[in-house]
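Please look over the structure shown below, with an eye to its helix and its aromatic rings, and then follow the explanation from one to the other.

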Amino acid sequence: MYVFSANAKTRDALDDFPAGAQVPFIVYINFKDLYGAEQLCQLYLMKNGFYDAVIAKRKLIENRFLSDPKLIAADPSLQEAINSGYAIQIFNAH
């Protein structure tokens, strides 16, 4: 599984972001290949109404972390990605 720090523009106004604003995301992709995971990250962002997705950072989540029930229970996005294949979270810098 990979976790990405990505930015994409919103087509429509969304919460605190006007249409066309750059929105920061944390995206979990449950896929073994980095290139494929990057492509899926961009596709899932487009599918959810964003465009011009750019991946800023990428990190492999090692299998030893994915088998730790305490870690999985503490991170709902990680749990969602394990169950559904991906999770997208708008990053708030508050």
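At the start of helix α1 in this predicted model, a side-chain oxygen of D33 comes to within 3.4 Å of the backbone nitrogen of Y35. The helix itself covers residues 34-47, and because each residue should add 1.5 Å, its 14 residues are expected to span 20 Å, which agrees with the 20 Å that separates its end C-alpha atoms. Just after α1, G49 adopts a positive phi of about 95°.

Which residues of α1 are buried? They are G36, A37, E38, C41 and L45, and the elements that cover them include the strands β1 (2-10), β2 (22-29), β3 (50-60) and β4 (86-90). In reading such a list, it helps to recall that an α-helix has 3.6 residues a turn, so residues three or four places apart point the same way.

The aromatic rings give a second view of the structure, which holds three aromatic pairs. In one of them, the ring centres of Y2 and F4 lie 6.2 Å apart with the planes at 25°, and since planes under 30 degrees apart count as stacked, this pair is stacked; both Y2 and F4 are buried. Another pair is formed by Y44 and Y86, whose ring centres are 3.7 Å apart and whose planes meet at 10°, so that this pair, too, is stacked. The pair of Y44 and Y86 links distant parts of the chain, given that Y44 belongs to helix α1 and Y86 to strand β4, 42 residues apart. Strand β4 is also among the elements that cover the buried residues of α1.

Conventions: Residues numbered from 1 in each chain as written. Predicted model: local features only at pLDDT ≥ 70, side-chain atom pairs only at ≥ 80, totals over all residues. Heavy atoms only, no water. Helix = DSSP H or I, 4+ residues; strand = E, 2+ residues; numbered from the N terminus. Expected span 1.5 Å × (residues − 1). Buried < 20%, exposed > 50% of the residue type's maximum accessible area, 1.4 Å probe, protein only. Contact = heavy atoms within 4.5 Å. Polar contact = N/O pair within 3.5 Å; in protein donor to acceptor, adjacent residues only side chain to side chain. Phe/Tyr/Trp six-rings, centres within 6.5 Å; stacked < 30°, edge-to-face > 60°.
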